[in-house]
Amino acid sequence: MNLAGIELVACARRERIHGYVQLADKARCLVAGLLLRRVCGVTKDCQLIYGGNGKPYLKSGDAYFNISHAGDYVALAVANCEVGVDTEKVSAYSDAVAARCFTPPEREWLRREGCDEAFYRLWTAKESVMKASGFGFSLPPEAFSVLPLDSSAHSIAGKPWFLDWLSFSGYIICRATDGEAGKTEVITITPGGLLCG
């Protein structure tokens, strides 16, 4: 099975694609690489540098970016400030995960809201901040709150973070930036078209 367009992405991305077992994972990784090429101009490995926890940056410093994928979608967030994005398919959530990862006020808010989408609004906000900050899971999700769920500044890890959500075809996407970056726009690309027999 071939992946159409794999020759267009940087070498390290091709190695990551080949490292996946599932075809859907290969396709999502390829779409991410093609988005980086199209939007950020990344065609070679040397155009990227990596922060202390592995967060990638454009060596040129022209913009900041972050990638997330879930199910049928890949999200690329680009901004003129630190940015993180998380995409999640809305499904039944786990009370155990909520108890472990959310603060008491967040768990109370979730109880009042009583729906799966509310869980994913909290989760995507936390993960997008963890990614944007470059800390990843070394900034534990239970260590900070994303309430209120609005676009006001949230003081997390010593910085103000701005959150922006989008509900899209049964998915929740959240973008976190350390500066006001405008509204999120969505361009859809389906990985299925990249798989060739």
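Count the aromatic ring pairs in this predicted model and you get 6. Two of them are worth a closer look.

Take Tyr73 and Phe168: the ring planes stand at 80° to each other, past the cut-off of over 60 degrees, so this pair is edge-to-face, with centres 5.3 Å apart. The two residues come from distant parts of the chain, with Tyr73 in strand E5 (residues 73-79) and Phe168 in strand E8 (residues 159-168), 95 residues apart. As for solvent, Phe168 is partly exposed, at a relative accessible area of 22%.

Tyr93 and Phe119 are another story. Their planes are at 5°, which is why the pair counts as stacked. This contact also bridges distant parts of the chain, 26 residues apart: Tyr93 lies in the loop between strand E6 (83-89) and helix H3 (95-101), while Phe119 belongs to helix H5 (residues 116-133). Phe119 is buried, at 5% relative accessibility, whereas Tyr93 is partly exposed with a relative accessible area of 25%. Both rings also belong to a cluster, in which ring pairs link Tyr93, Phe102, Phe119 and Tyr120.

Here are the two pairs in numbers:

| Pair | Centre distance | Plane angle | Type |
|---|---|---|---|
| Tyr73 and Phe168 | 5.3 Å | 80° | edge-to-face |
| Tyr93 and Phe119 | 4.9 Å | 5° | stacked |

Rings meet charges here too. Arg121 has its charged end over the ring of Trp165, 4.5 Å from the ring centre. Likewise, the charged end of Lys126 sits over the Phe144 ring, 4.5 Å from its centre.

Key
Residues numbered from 1 in each chain as written. Predicted model: local features only at pLDDT ≥ 70, side-chain atom pairs only at ≥ 80, totals over all residues. Heavy atoms only, no water. Phe/Tyr/Trp six-rings, centres within 6.5 Å; stacked < 30°, edge-to-face > 60°. Helix = DSSP H or I, 4+ residues; strand = E, 2+ residues; numbered from the N terminus. Buried < 20%, exposed > 50% of the residue type's maximum accessible area, 1.4 Å probe, protein only. Lys NZ or Arg CZ within 6 Å of the ring centre and 35° of its normal.
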